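Biologist: Before we start, could you take me through this protein step by step, and explain how each answer is reached?

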Amino acid sequence: MTSNDTPRNPHSYVGMRVTADGFIRQELLPDGRYDEARGTLQSAYTGHYTVTGTHIDYADDTGFTATGDVRDGVLFHEHLVLYREGAAEHTR
């Protein structure tokens, strides 16, 4: 195995985040892509994301762009507030 074959640890933001009501579910994937479901519609939005510090830039597959910021473990994505799935804050 060469150094180029060494797997990298995924970013700590990778994983599923959900709105308090569970209607919107956004998964940040380790390969730099995201998949967002809304209600019963799976993959309503998909695209790429990049992380700089606590800031996330999104570019969906249709060309739409958005931003988000993580504060105290909570993702503030445009007008949405998303909690890590299973986090205590999500149950409040």
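Modeller: Let us begin with H55, and please keep in mind that this is a predicted model. Leaving out neighbours within four places in sequence, H55 is in contact with T50, T67, G68 and D69.

Biologist: Which strand holds H55, and is H55 buried, partly exposed or exposed?

Modeller: The relative accessible area of H55 is 24%, and since buried means under 20% and exposed means over 50%, H55 falls in between and counts as partly exposed. As for its place in the chain, H55 belongs to strand β5.

Biologist: How far apart are the C-alpha atoms of H55 and V70?

Modeller: Along the chain, H55 and V70 are 15 residues apart. In space, the separation between their C-alpha atoms is 6.6 Å.

Biologist: What pattern does the protein follow when it is read along the sequence?

Modeller: The protein has 0 helices and 8 strands, so the pattern is written with strands alone. Read along the sequence, it is β-β-β-β-β-β-β-β.

Biologist: What share of the residues in the protein is buried?

Modeller: A residue counts as buried when its relative accessible area is under 20%. Among the 92 residues in the protein, those that are buried make up 34%.

Biologist: Which residues touch the most other members of the largest nonpolar core?

Modeller: This core has 13 residues, and strands β2 (24-28), β5 (55-60), β6 (65-71) and β8 (80-84) each supply at least two of them. The members that touch the most others are L28, Y49, I56, Y58 and L75.

Biologist: Taking L75 from that group, which residues does L75 touch, not counting those up to four places away in sequence?

Modeller: Two of the residues that L75 touches, I56 and Y58, are also named with L75 among the core members that touch the most others. The full set for L75 is R17, Q26, I56, Y58, G68, D69, V70, L80, V81 and L82.

Biologist: Q26 appears in that set, so is Q26 buried or exposed?

Modeller: Q26 is placed in strand β2, and its contacts beyond four places in sequence are G15, M16, R17, D35, E36, Y58, L75, H77 and L82. Its relative accessibility is 1%, and because the cut-off for a buried residue is under 20%, Q26 counts as buried.

Biologist: How many salt bridges does the protein have?

Modeller: Side chains of opposite charge can pair when their charged atoms come close. One such pair is R33 with D61, where the closest N and O atoms are 2.8 Å apart, and another is E36 with R38, also given as 2.8 Å from N to O. The count of salt bridges comes to 2.

Biologist: For the salt bridge between R33 and D61, how many residues apart in sequence are the parts that the pair ties together?

Modeller: R33 is partly exposed at 23% relative accessible area, and D61 is partly exposed at 46%. R33 lies in strand β3, while D61 lies in the loop between β5 and β6, so the pair ties together parts whose separation in sequence is 28 residues.

Biologist: In the salt bridge between E36 and R38, which residue is buried?

Modeller: R38 has a relative accessible area of 26% and is therefore partly exposed. At 3% relative accessibility, the buried residue is E36.

Biologist: Which strand gives the largest share of the lining of the largest pocket?

Modeller: The largest pocket holds about 200 Å³ of space and is lined by 14 residues, with E36, R38, F64, A66 and H77 lying nearest its centre. By type, the lining divides into 6 nonpolar, 4 polar and 4 charged residues. Strands β3 (33-38), β5 and β6 each supply at least two lining residues, and the largest share, 3 residues, comes from β3.

Biologist: Where does D72 lie, and is D72 buried or exposed?

Modeller: D72 has a positive phi of about 55° although it is not a glycine, and its place is in the loop between β6 and β7 (74-77). Its relative accessible area is 80%, and because a value over 50% is the mark of an exposed residue, D72 counts as exposed.

Definitions and conventions: Residues numbered from 1 in each chain as written. Predicted model: local features only at pLDDT ≥ 70, side-chain atom pairs only at ≥ 80, totals over all residues. Heavy atoms only, no water. Core = buried A, V, L, I, M, F, W, Y, C linked by side-chain atoms within 4.5 Å. Buried < 20%, exposed > 50% of the residue type's maximum accessible area, 1.4 Å probe, protein only. Helix = DSSP H or I, 4+ residues; strand = E, 2+ residues; numbered from the N terminus. Contact = heavy atoms within 4.5 Å. 1 Å grid on protein atoms, 1.4 Å probe; cavity = no way out; pocket = protein on both sides within 12 Å on 5 of 7 lines; lining within 4 Å. Points joined across faces, edges and corners; volume = space filled by probe spheres on them. Nonpolar A, V, L, I, M, F, W, Y, C, P; charged D, E, K, R; others polar. Salt bridge = Lys/Arg side-chain N within 4 Å of Asp/Glu carboxyl O.
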